[in-house]
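Colleague: I have a new model open and would like to walk through it with you. Could we begin with a single side chain and work outwards from there?

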Amino acid sequence: MAATTTTTSSAIHRRQKLKKLVVIMGPTGSGKSKLSVDLATRFFPNSEIINSDKIQVYRRLDIATNKISMRDRRGVPHHFLGEFDPDTEFTPSEFRSLGTKTVAQITSRRKLPLVVGGSNSFIYSLLAKRFEPDADVFDESNSVNSVCSELRYNCCFLWVDVSLPVLNQYLDERVDEMLDSGMFEELAEYFETEGFSESDSVSRTGLRKAIGVPEFERYFKRVGGRWTGADSEVDADVERILLYSEAVKAIKDNTCTLAKRQLGKIQRLKDAGWDLQKIDATEAFRAAMTTTSDSRKRASEIWEKMVVEPSVKIVNRFLME
């Protein structure tokens with residue numbers, strides 16, 4: 001018993017000596033960016049955010065990649081958000097290297113790093129003490145023991161979770177909102193300047209992996225504002241509508257598939273011993289999708305009570321340890 005107590009005490013002491021990070025993770029669309037800015041502006045104003053979304057690190061396609069706008073950042077410094085060449089591959093190894101330097105810079109300013117994003121491969125690469133670039137620890141054919149449970153930092157994990165049926169409904173609506181906000185026009189300009197990919201989807205790199213790019217590429221290849229393959233103008237319009245509808249459906253399906261895959265990776269980290277604190281945002285999302293006159297106010301109140309307040313308590317407790 002004494003040996004066990006000594007070992008536990010030693011582990012706690014080592015953890016206390018490590019730099020402290022708050023990690024906000026969860027599937028795409030679950031409100032991670034909103035929560036991070038809520039925390040950084042209202043409760044922990046000495047925070048800086050490190051983006052850990054592997055598509056949002058690239059420049060361009062801000063709507064399609066759903067980057068948080070300058071206005072919604074509300075003055076909070078964001079790192080790795082739209083900073084890198086969209087034609088190259090920014091790897092987990094590079095994220096580990098540059099992320100380590102950025103964490104050091106933030107903590108040297110006596111500020112709190114908030115690592116925020118849905119790419120669990122990036123989160124793992126930065127935080128795991130033992131990281132092997134060529135090993136896929138999220139491959140379910142490998143034992144969960146392949147996941148390194150020892151971390152390089154003293155981490156507080158907030159897992160923002162939303163019931164999958166509710167999240168899927170929200171993600172479908174979000175795609176429609178993105179299209180209404182100019183996603184289609186943004187992609188048209190992208191293909192006009194960058195052209196089309198000559199490789200299959202598996203070998204795509206950089207921004208061409210973003211959901212929306214491969215799905216709409218077929219549309220713009222066929223239509224592109226100049227397509228005349230139909231027998232009549234009516235046939236051409238029908239063909240355009242069909243291709244457009246197929247692209248939108250594929251985006252919605254692939255986004256929901258991504259969310260499910262991300263949840264599986266998060267659960268694998270938890271099963272491996274990562275201390276993830278789940279925050280259930282389901283009711284806030286359900287209220288936000290209700291079309292009554294006071295739904296927005298009610299959704300905001302639920303978000304505050306069920307997401308923000310528990311998160312603040314968890315982070316405060318972590319910082320006081």
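Modeller: Gladly, and please keep in mind that this is a predicted model. Leaving aside residues up to four places away in sequence, Phe196 touches Phe191, Arg208, Glu217, Phe220 and Lys221.

Colleague: Where does Phe196 lie?

Modeller: Phe196 belongs to the loop between helix 7, which covers 183-194, and helix 8, which covers 213-222.

Colleague: And how far apart are the C-alpha atoms of Phe196 and Arg208?

Modeller: Those two C-alpha atoms are separated by 9.4 Å, and the two residues are 12 residues apart along the chain.

Colleague: Why does Phe196 count as partly exposed?

Modeller: Its relative accessibility is 35%, and because partly exposed covers the range between the 20% and 50% cut-offs, Phe196 falls into that class.

Colleague: Let's change topic to the whole protein. How many helices and strands does the protein have?

Modeller: The secondary structure comes to 11 helices and 6 strands. The protein has 321 residues, of which 46% count as buried, and its accessible surface is about 16,800 Å², with 49% of that belonging to carbon and sulfur atoms.

Colleague: What about contacts between residues at least 6 apart in sequence?

Modeller: Among those contacts, 79% join residues that are at least 24 apart.

Colleague: Now the strands: what order do they have in the sheet?

Modeller: The sheet is an open one of 6 strands, with the order 3-2-4-1-5-6 and parallel pairing. Strand 3 (78-79) and strand 6 (276-280) each have a single partner strand, so they stand at the edges, and one side of each is left without a neighbour in the sheet.

Colleague: What holds paired strands together in general?

Modeller: Strands of a sheet pair through backbone hydrogen bonds, and the pairing can be either parallel or antiparallel.

Colleague: Which residue stands opposite His79 in strand 3?

Modeller: That residue is Ile50. Strand 2, made of residues 47-51, pairs with strand 3 in the parallel sense over 2 bridges, while strand 2 and strand 4 are paired in the parallel sense over 5 bridges. In this second pairing, Ile49 has Leu114 of strand 4 as its bridge partner.

Colleague: Does strand 1 or strand 2 hold Ile24, and what stands opposite Ile24?

Modeller: Strand 1 spans residues 20-25 and pairs with strand 4 in the parallel sense over 3 bridges, and Ile24 stands opposite Val116 in strand 4.

Colleague: Is strand 4 mostly covered or uncovered?

Modeller: Strand 4, residues 112-116, is mostly covered, as 5 of its 5 residues are buried. Both of its faces are covered, with Leu112, Leu114 and Val116 buried on one side and Pro113 and Val115 buried on the other.

Colleague: One more topic, the backbone angles. What is the phi of Arg74?

Modeller: Arg74 has a positive phi of about 50°, although Arg74 is not a glycine. Most residues other than glycine have a negative phi. Arg74 is placed in the loop between helix 3 (70-73) and strand 3, and with a relative accessible area of 43% it is partly exposed.

Colleague: And what is the phi of Phe80?

Modeller: Phe80, also not a glycine, has a positive phi of about 65°. Its place is in the loop between strand 3 and helix 4 (92-108).

Colleague: Is Phe80 buried or exposed?

Modeller: Phe80 counts as buried, because its relative accessibility of 6% is under the 20% cut-off.

How values were computed:
Residues are numbered from 1 along each chain as its sequence is written. This is a predicted model: local features need pLDDT of at least 70, side-chain atom pairs count only at pLDDT 80 or more; totals for chains, interfaces and linings use all residues. Side-chain values use heavy atoms; hydrogens and water are left out. Two strands pair if DSSP finds at least two bridges between them. Helices (H or I, at least four residues) and strands (E, at least two) are DSSP runs, numbered from the N terminus. Buried means under 20% relative accessible area, exposed over 50%, partly exposed in between (1.4 Å probe, protein chains only). Contact means heavy atoms within 4.5 Å. Accessible areas come from the Shrake-Rupley method with a 1.4 Å probe; for residues, only the protein chains shown count as cover.
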